[in-house]
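Dear colleague,

I am handing over the structure below, together with an account of what was found in it. Please have the coordinates open while you read, so that each contact can be looked up as it comes.

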Amino acid sequence: MDDENKNEKEVRRINALICTLCPDCQSPFNNDSGRPKRLASSHLHCLKCSTIMFSQNQECIKCGICRGVTQIESGQTVDLSLESDNSFLELSIGYQEIHSDMVVMQEQLRVVRQERDEYLQQRNIMISKINQCRIV
């Protein structure tokens with residue numbers, strides 16, 4: 001496995017740990033189908049996964065984390081039945097933006113370090129040539 005894939009998996013794992021991703025599909029929470037829905041177990045799942053879990057049973061949703069049961073009233077949709085956690089969504093989106101900025105800054109830092117190393121290597125070559133000229 002190359003370093004880029006390894007790093008990407010590590011970032012996704014860390015994001016999941018701090019709850020910015022749906023625990024089922026591992027997609028970031030968002031204002032669309034990724035809207036976080038709170039189950040009776042208090043765990044959050046995106047609207048898309050909550051809908052899929054409901055369609056598998058048609059009476060309830062079994063939490064993908066603890067297997068707790070959330071009842072859905074007959075004739076109701078998952079979107080209308082379950083509370084959207086908008087405060088959590090705002091925090092999650094804010095974290096995702098900060099994280100994205102951090103990734104960009106890390107890449108910029110990598111480039112600067114590489115340029116510094118190349119400069120130091122060229123400088124050392126020049127110093128070596130200068131020292132050789134002094135010896136002669």
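A salt bridge is taken here as a side-chain nitrogen of Lys or Arg within 4 Å of a carboxyl oxygen of Asp or Glu. Please keep in mind throughout that this is a predicted model.

Asp-85 and Arg-38 form such a salt bridge, with their closest N and O atoms 2.2 Å apart, and because the cut-off is 4 Å, the pair qualifies. This contact links distant parts of the chain, since Asp-85 sits in the loop between strand 5 (83–84) and helix 4 whereas Arg-38 belongs to strand 1, 47 residues apart. Asp-85 is buried, its relative accessible area being 12%, while Arg-38, with a relative accessible area of 27%, is partly exposed.

A search of the whole structure finds five salt bridges, and another of them also involves strand 1: the side chains of Lys-37 and Asp-79 meet at 3.0 Å, N to O. Here, too, distant parts of the chain are linked, with Lys-37 in strand 1 and Asp-79 in helix 3 (residues 78–81), 42 residues apart. Lys-37 is buried, at a relative accessible area of 1%, whereas Asp-79 is partly exposed, with a value of 32%.

A further salt bridge brings together the side chains of Arg-116 and Asp-117, at 2.9 Å from N to O. Arg-116 is partly exposed, having a relative accessible area of 45%, and Asp-117 likewise counts as partly exposed, at 40% relative accessibility. As for salt bridges that share partners, they join Arg-35, Lys-37 and Asp-79 into one network.

Turning to the aromatic side chains, the structure holds one aromatic pair. The ring centres of Phe-29 and Phe-88 are 5.6 Å apart and the ring planes stand at 80 degrees, so the pair is edge-to-face, because an angle over 60 degrees counts as such. Phe-29 lies in the loop between helix 1 (3–17) and strand 1 (36–38), and Phe-88 in helix 4 (residues 86–135), so the pair ties together parts that are 59 residues apart in sequence. Both Phe-29 and Phe-88 are buried.

If you would like a place to begin, I would suggest looking at strand 1, which holds Lys-37 and also Arg-38, and then turning to the pair formed by Phe-29 and Phe-88.

With best wishes

Methods
Residues numbered from 1 in each chain as written. Predicted model: local features only at pLDDT ≥ 70, side-chain atom pairs only at ≥ 80, totals over all residues. Heavy atoms only, no water. Phe/Tyr/Trp six-rings, centres within 6.5 Å; stacked < 30°, edge-to-face > 60°. Helix = DSSP H or I, 4+ residues; strand = E, 2+ residues; numbered from the N terminus. Buried < 20%, exposed > 50% of the residue type's maximum accessible area, 1.4 Å probe, protein only.
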